[in-house]
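Biologist: Please take me through this model, one question at a time. Give the reasoning first and the value or name last.

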Amino acid sequence: MTQFLHSLPLVGKITICRQGDPSSGRFVGAFTWNSMSGRSVRLKPVPLQSLSELERVRLQEVAFSRLLQEYNLGCQITIPKDGQKRKKSLRRKLDSLAKEMSKDKEAMPQAFGILLSQVISNDRTHKQRQEPQREEHRDPSDLVSSLLHLTSRKSTKDKELSSSNSSLSSTSETATESPSPSTPEAAPHTRRRGGVSVDCITDLDDNQSRLLEALQLSLPAETPSNRKKQRDKKLSLNPIYRQVPRVVEMCCLHLEKYGLQTVGIFRVGSSKKRVRQLREQCDLGMEVQLDEANSVHDVAALLKEFLRDMPEPLLTRELYTAFLNTMLLDHPDQESTIQLLVYLLPPCNSDTLQRLLEFLATVTAHAEDSQDRDGHEITGNKMTSLNLATVFGPNLLHKQKSSDKEFTVQSVARAEESTAIIGVVHSMITTYETLFMVPPDLQNEVLMSLLETDPDVVDYLLRRKDSQHS
């Protein structure tokens with residue numbers, strides 16, 4: 001078996017270490033890989049957001065395949081689109097409406113009632129305006145000089161390393177060195193999948209990863225062996241910036257600071273006038289500052305309105321029936337299938353869902369009455385995970401919008417489906433800590449898929465995983 005593996009050119013650089021495989025040099029167990037440098041990397045559960053853009057796309061394919069092979073949900077399953085293609089038609093409609101009303105383009109909604117990917121894009125534009133020194137006046141010659149500098153380093157490095165002469169492998173090696181002062185910013189938004197986030201950035205946000213990405217995207221085009229490889233060339237080897245809309249992050253932070261002890265949060269009425277004012281400020285792209293003077297119930301209503309008015313629900317219409325049918329499975333299979341379905345979501349959807357579930361779990365943790373260190377009673381908010389699932393379920397998972405302003409469960413689907421909708425969201429709230437962790441077996445399948453197209457990419461990803469674990 002070992003002799004056969006070494007006869008393959010791809011496996012000559014990266015080998016999977018199995019029990020009893022002498023090529024590993026020593027026993028390492030399951031889900032352990034050897035890099036070209038001879039380092040053994042054992043795969044461990046990692047957060048979904050720590051995966052590179054390329055890995056997340058391949059994870060979608062792996063999750064899709066496993067859903068079809070191992071679980072019978074009794075419905076057709078498709079990987080949801082990220083909204084980029086549909087954004088153009090929506091934009092044309094909004095432009096037409098703006099012309100009819102003789103309004104400027106800037107008057108178009110910036111947050112409410114538009115695709116999530118467009119919200120992320122608008123937030124990115126807002127951040128660029130807030131940080132002109134960082135985002136503007138970039139000299140194109142800086143990128144050229146940086147790439148030339150890297151090329152000279154690459155030639156020196158290749159003489160020292162007895163590894164592949166692949167450009168991506170050399171790039172990943174060079175990226176560990178100190179970048180030049182003129183390190184370019186990340187690739188333009190149009191070249192990245194799903195947009196760029198505005199508030200929170202993943203661990204790899206330093207100049208090294210930005211320089212690696214810039215070099216990767218500037219490599220000369222090669223003749224692709226298939227359509228998948230051609231598509232993958234446009235994807236980054238770095239994690240995608242966390243994509244959570246400003247309005248969602250703003251509301252969650254305010255409610256975590258001021259609303260956790262508010263009884264009946266999300267159920268008590270709010271001031272429609274004040275909520276409308278906050279909504280208009282967000283849609284105008286204004287910098288909204290929430291403080292103690294803002295009513296908790298107004299902010300809670302604003303968050304619900306944002307989720308309710310999304311033209312495409314956060315859990316997507318394509319996966320509506322699949323999510324509901326998970327409730328027909330045994331309990332252990334329910335959690336597994338929900339997790340796989342979450343992996344199918346576009347990055348902006350899954351990142352926003354993760355932030356929302358984290359917040360809802362925090363609210364649930366303060367549902368019951370408790371005592372502080374001095375023995376004083378702290379009133380709970382009475383909003384259990386089931387109560388929150390009842391409130392948020394119809395906003396996250398539905399087939400079509402309701403004409404009812406309150407957007408009740410009965411208006412989302414037939415009455416018999418309401419229990420399943422609540423059950424899915426309830427399960428997500430209670431398991432959110434593990435829901436967005438990628439287990440070793442799925443990571444292993446992702447690496448195997450990448451191994452078929454470019455082993456040097458796998459080697460770079462393995463060395464990064466090894467560095468993160470260290």
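Modeller: Accessible areas here come from the Shrake-Rupley method with a 1.4 Å probe. Keep in mind that the model is predicted.

Biologist: How much area does the protein expose, and what percentage of it do carbon and sulfur atoms supply?

Modeller: The exposed area of the protein is about 23200 Å². The share supplied by carbon and sulfur atoms is 50%.

Biologist: What percentage of the residues is buried?

Modeller: A residue counts as buried under 20% relative accessible area. The protein has 470 residues, and the buried ones make up 51%.

Biologist: Which residues touch the most other members of the largest nonpolar core?

Modeller: That core holds 96 residues. Helix α12 (residues 296-308) gives the largest share of this core, 8 residues. The members that touch the most others are F266, L303, F392 and M428.

Biologist: Why does the pair of F266 and F359 count as edge-to-face, and how far apart in sequence are the parts that the pair ties together?

Modeller: The ring centres of F266 and F359 are 5.9 Å apart and the planes lie at 75°, over the cut-off of 60 degrees, so the pair is edge-to-face. F266 sits in the loop between α10 (246-258) and α11 (272-283), while F359 is in helix α15 (residues 347-365). The pair therefore ties together parts whose separation in sequence is 93 residues.

Biologist: What kind of pair do the rings of F266 and F392 form?

Modeller: Their centres are 4.8 Å apart. With the planes at 80°, the pair is edge-to-face.

Biologist: Is F392 buried or exposed?

Modeller: F392 lies in helix α16 (residues 385-396) and belongs to one aromatic cluster with F266 and F359. Its relative accessibility is 0%, so F392 counts as buried.

Biologist: What distance separates the end C-alpha atoms of helix α14, and what span should its residues have?

Modeller: Helix α14 (residues 331-343) has 13 residues. At 1.5 Å a residue they should span 18 Å, and the distance between the end C-alpha atoms agrees with this, at 19 Å.

Biologist: Which residues does M428 touch, leaving out those up to four places away in sequence?

Modeller: Among the buried residues of α14 are I338 and V342. M428 touches both of them, and the full list is L315, F323, I338, V342, L353, L357 and L435.

Biologist: Which side chain makes a polar contact with that of R464?

Modeller: R464 lies in helix α21 (residues 455-469). At 9% relative accessibility, R464 counts as buried. The polar contact is 3.3 Å, and the partner is E55.

Technical notes. Residues are numbered from 1 along each chain as its sequence is written. This is a predicted model: local features need pLDDT of at least 70, side-chain atom pairs count only at pLDDT 80 or more; totals for chains, interfaces and linings use all residues. Side-chain values use heavy atoms; hydrogens and water are left out. Helices (H or I, at least four residues) and strands (E, at least two) are DSSP runs, numbered from the N terminus. The expected span of a helix is 1.5 Å times one less than its number of residues. Buried means under 20% relative accessible area, exposed over 50%, partly exposed in between (1.4 Å probe, protein chains only). A nonpolar core is a set of buried Ala, Val, Leu, Ile, Met, Phe, Trp, Tyr and Cys residues joined through side-chain atoms within 4.5 Å. Contact means heavy atoms within 4.5 Å. A polar contact is a pair of N or O atoms within 3.5 Å; within protein, one must be able to donate a hydrogen and the other to accept it, and residues adjacent in sequence count only if both atoms are side-chain atoms. Rings of Phe, Tyr and Trp (its six-membered ring) pair if their centres lie within 6.5 Å; planes under 30 degrees apart count as stacked, over 60 as edge-to-face and the rest as tilted.
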